[in-house]
Amino acid sequence: MPPPSVPRRIEDIIFYYYAKLVISPSAGFRGNYRFIIDTYKRLKSGEIRMSDYERELLHIANMPNQCIFCGTKYTKCQLAHIVPRSFGIQPGMHNLVYACETCAVSKGEKDLVEWWCNDLQRPRDELPRVPLGLYLKIAYELHKINFSLQKPCKSLGELFMILHKKS
Ligand SMILES: [Zn+2]
């Protein structure tokens with residue numbers, strides 16, 4: 001959760017969670033806090049940019065037959081959408097991943113964060129890196145198109161709800 005000093009607009013939420021994502025996951029949150037805020041500020045100032053989808057696509061290519069959500073090896077893979085298609089996915093956005101049958105069916109057309117936190121009852125900090133990375137990049141692109149990056153936003157789970165409400 002961004003500290004109170006971080007104003008919560010859509011762009012802030014996206015950059016904050018992206019900064020958290022690109023920091024080494026092994027060092028833990030507390031030790032990395034300064035780096036997260038630094039990365040966040042550099043994203044915000046435009047000094048650095050969110051990478052394109054390459055990082056995630058490379059990761060996906062490197063883990064064949066492994067569920068993107070739960071990490072188990074599957075025998076029967078299914079296609080799953082990171083962001084529900086009804087949220088206005090555009091051509092070129094990398095919204096499709098391979099998942100095990102259980103995860104793909106369970107997630108369906110639900111919002112990633114809502115599914116993970118509410119349905120699966122898993123902590124938000126344990127959201128898998130690749131799906132979350134795609135989720136944040138798609139959120140950024142969609143809000144950019146909609147000129148809504150500066151709209152107020154309270155939490156990660158609201159990123160797409162705001163778009164959805166509008167239509
Ligand atoms: Zn799975």
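## Exercises on a predicted model

Gln 121 sits in the loop that joins helix 5 to helix 6. The model is predicted. Gln 121 returns in the exercises below.

**Exercise 1. State how many helices and strands the chain has, and give their order.**

Solution.
- Step 1: Count the elements. The chain has seven helices and two strands.
- Step 2: Read along the sequence. The pattern is α-α-α-β-β-α-α-α-α.
- Step 3: Turn to burial. The chain has 167 residues, and 29% of them count as buried.
- Step 4: Look at contacts with a separation of 6 or more. Residues 24 or more positions apart account for 64% of them.

**Exercise 2. Find which element has the lowest mean pLDDT and which has the highest.**

Solution.
- Step 1: Begin with the whole chain. Its average pLDDT is 86, and 89% of the residues score at least 70.
- Step 2: Go to the elements. Helix 7, residues 159-166, has the lowest mean, 76.
- Step 3: Take the other end of the scale. Helix 5 has the highest mean, 95.
- Step 4: Keep a rule in mind. Predicted coordinates should not be read in detail where pLDDT is low.

**Exercise 3. Decide how helix 1 is oriented relative to helix 6, and list the residues that meet.**

Solution.
- Step 1: Recall what is needed. A pair of packed helices is described by the angle between the axes and the distance between them.
- Step 2: Get both values. Helix 1 (residues 10-22) packs on helix 6 at about 155 degrees, and the axes are 10 Å apart.
- Step 3: Apply the cut-off. Angles over 145 degrees count as roughly antiparallel, so helix 1 is roughly antiparallel to helix 6.
- Step 4: Add the handedness. Helix 1 passes helix 6 in a left-handed crossing.
- Step 5: Name the residues. Helix 1 brings Ile 10, Ile 14, Tyr 17, Tyr 18 and Leu 21. Helix 6 answers with Arg 129, Leu 132, Gly 133, Leu 136, Ala 139, Tyr 140 and His 143.
- Step 6: Sort the residues by class. This contact has nine nonpolar, two polar and one charged residues.

**Exercise 4. Do the same for helix 3 and helix 6.**

Solution.
- Step 1: Get the values. The axes of helix 3 (residues 54-62) and helix 6 (residues 129-145) come within 9 Å and cross at roughly 150 degrees.
- Step 2: Read off the orientation. Helix 3 is therefore roughly antiparallel to helix 6.
- Step 3: Add the handedness. The crossing of helix 3 past helix 6 is left-handed.
- Step 4: Name the residues. Arg 55, Glu 56, His 59 and Ile 60 belong to helix 3, and they meet Val 130, Gly 133 and Leu 134 of helix 6.
- Step 5: Sort the residues by class. Here there are three nonpolar, two polar and two charged residues.

**Exercise 5. Place Trp 116 and Arg 122, and classify each as buried, partly exposed or exposed.**

Solution.
- Step 1: Locate Trp 116. It lies in helix 5, residues 112-119.
- Step 2: Count around Trp 116. There are 22 other C-beta atoms within 10 Å, so Trp 116 is buried.
- Step 3: List the contacts of Trp 116 beyond four places in sequence. They are Arg 122 and Leu 127.
- Step 4: Check the spacing to Leu 127. The two residues are eleven apart in sequence, and their C-alpha atoms are 7.1 Å apart.
- Step 5: Move to Arg 122. It is in the loop between helix 5 and helix 6.
- Step 6: Count around Arg 122. It has 15 C-beta neighbours inside 10 Å, so Arg 122 counts as partly exposed.
- Step 7: List the contacts of Arg 122 beyond four places in sequence. They are Trp 116 and Cys 117.

**Exercise 6. Examine three loop residues, Gln 121, Phe 147 and Thr 75, and say whether each is buried or exposed.**

Solution.
- Step 1: Take Gln 121. Its phi is positive, about 60 degrees, although Gln 121 is not a glycine. Gln 121 is exposed because 7 other C-beta atoms lie within 10 Å.
- Step 2: Take Phe 147, in the loop between helix 6 and helix 7. Phe 147 is not a glycine, yet has a positive phi of about 55 degrees. It has 8 C-beta neighbours inside 10 Å, so Phe 147 counts as exposed.
- Step 3: Take Thr 75, in the loop between helix 3 and strand 1 (77-81). With 7 other C-beta atoms within 10 Å, Thr 75 is exposed.
- Step 4: Pair Thr 75 with Cys 100. They are 25 residues apart in sequence and 7.9 Å apart in space, C-alpha to C-alpha.

Key: Residues numbered from 1 in each chain as written. Predicted model: local features only at pLDDT ≥ 70, side-chain atom pairs only at ≥ 80, totals over all residues. Helix = DSSP H or I, 4+ residues; strand = E, 2+ residues; numbered from the N terminus. Buried ≥ 20, exposed ≤ 12 C-beta atoms within 10 Å, placed from the backbone. Contact = placed C-beta atoms within 7 Å. Axes fitted to C-alpha atoms, helices over the stretch in contact; angles between N-to-C directions. Parallel < 35°, antiparallel > 145°, perpendicular 65-115°, else oblique. Left-handed = near helix turned anticlockwise from the far one by under 90°. Nonpolar A, V, L, I, M, F, W, Y, C, P; charged D, E, K, R; others polar. pLDDT = per-residue confidence, 0-100.
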